[in-house]
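Please open the structure in your viewer and keep the sequence panel beside it. The tour moves from a pair of packed elements to single residues, and then steps back to the whole chain.

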Amino acid sequence: LPMAVILPKTGGVRLLPPATLFAAAIFSFVIAEVACAGEVGWDLVRLSPTPEPRLRWIKLSACVVLPLIVVVALSAWVALAGRPGLAFLTFITSTICAAGCAWVGVVTIKPSPRYDLIQAPNPSIDPRQLLAMAILAPGTAGMALISYERYALGLPFVGATLLCILGCFTLLEPRQQA
């Protein structure tokens, strides 16, 4: 609702595609971090009758569901504003980016012992955060350029993002838990 008031005064519908990709990627990564970082009770997860790889795919899908609701709503807004091609590209790219950022969080689950106290977070930069930013930054820039009809400049950025996500899914393998 606040976007509906602000957008006509700032940039209109042209700001929705990069905002959609940004929101989808960030939210899916943050949800994956919350759902998977410092997995407690890993011994109980290992005793589950469900295989470990399947549990990771279930966590991935759970991390992407809420951001996809935002993607669908904002892509529909772009389509209703008269740019259905841009809306379709926004939907596809944002969905893939959300899955890639969630995969970065899900694939690197770190088991930890069970604690009764909440531990202070480590303020250092995590390599997973840098990888998520490598997905997010060129994708958002590319969608912004495409939104402003600078296709020759925007498509290479979107292509680089999609190649980075492909690399994430092919090169990052789940850690084996002890």
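For what follows, a helix axis is a line fitted to C-alpha atoms over the stretch in contact, and the angle between two axes is taken between their N-to-C directions, on a scale from 0 to 180 degrees. The model on your screen is a predicted one.

Begin by selecting residues 127–147, which form helix H6, and then add residues 151–171, which form helix H7. How closely do the axes of H6 and H7 come, and at what angle do they cross? They come within 7 Å, and the crossing angle is roughly 155°. Because angles over 145 degrees count as roughly antiparallel, H6 and H7 are therefore described as roughly antiparallel to each other. The crossing in which H6 passes H7 is left-handed.

Next, show the side chains where the two helices meet. On the H6 side the residues include Leu131, Ile135, Pro138, Gly139, Gly142 and Ile146, while those on the H7 side include Tyr151, Gly154, Phe157, Val158, Thr161 and Cys168. Sorted by class, this contact of H6 with H7 has 15 nonpolar and 4 polar residues, and no charged ones.

Now centre the view on Gly142, which belongs to H6. Is Gly142 buried or exposed? Its relative accessibility is 0%, so Gly142 counts as buried. Leaving aside residues up to four places away in sequence, Gly142 touches Gly154, Phe157 and Val158, and these three residues appear among those of H7 that meet H6. If you then select Pro17, you will find its C-alpha atom 9.7 Å from that of Gly142, although the two residues are 125 residues apart along the chain.

From there, move along H6 to Ser147, which also lies in this helix. Ser147 has a relative accessible area of 0% and is therefore buried. Which residues does Ser147 touch, when those up to four places away in sequence are not counted? They are Val13, Arg14, Leu15, Pro17, Pro18, Arg83 and Leu86. With Arg14 displayed, look for its backbone oxygen, which lies 2.5 Å from a polar atom of the Ser147 side chain.

Finally, zoom out to the whole chain, which has 7 helices and 2 strands, arranged along the sequence in the pattern α-α-β-α-α-α-β-α-α. Of its 178 residues, 37% are buried. Among contacts with a separation of 6 or more, 82% are between residues 24 or more positions apart.

Methods
Residues are numbered from 1 along each chain as its sequence is written. This is a predicted model: local features need pLDDT of at least 70, side-chain atom pairs count only at pLDDT 80 or more; totals for chains, interfaces and linings use all residues. Side-chain values use heavy atoms; hydrogens and water are left out. Helices (H or I, at least four residues) and strands (E, at least two) are DSSP runs, numbered from the N terminus. Buried means under 20% relative accessible area, exposed over 50%, partly exposed in between (1.4 Å probe, protein chains only). Contact means heavy atoms within 4.5 Å. Angles under 35 degrees count as roughly parallel, over 145 as roughly antiparallel, 65 to 115 as roughly perpendicular and the rest as oblique. A crossing is left-handed if the near helix is turned anticlockwise from the far one by less than a right angle, and right-handed if clockwise. Ala, Val, Leu, Ile, Met, Phe, Trp, Tyr, Cys and Pro count as nonpolar, Asp, Glu, Lys and Arg as charged, and the others, Gly among them, as polar. A polar contact is a pair of N or O atoms within 3.5 Å; within protein, one must be able to donate a hydrogen and the other to accept it, and residues adjacent in sequence count only if both atoms are side-chain atoms.
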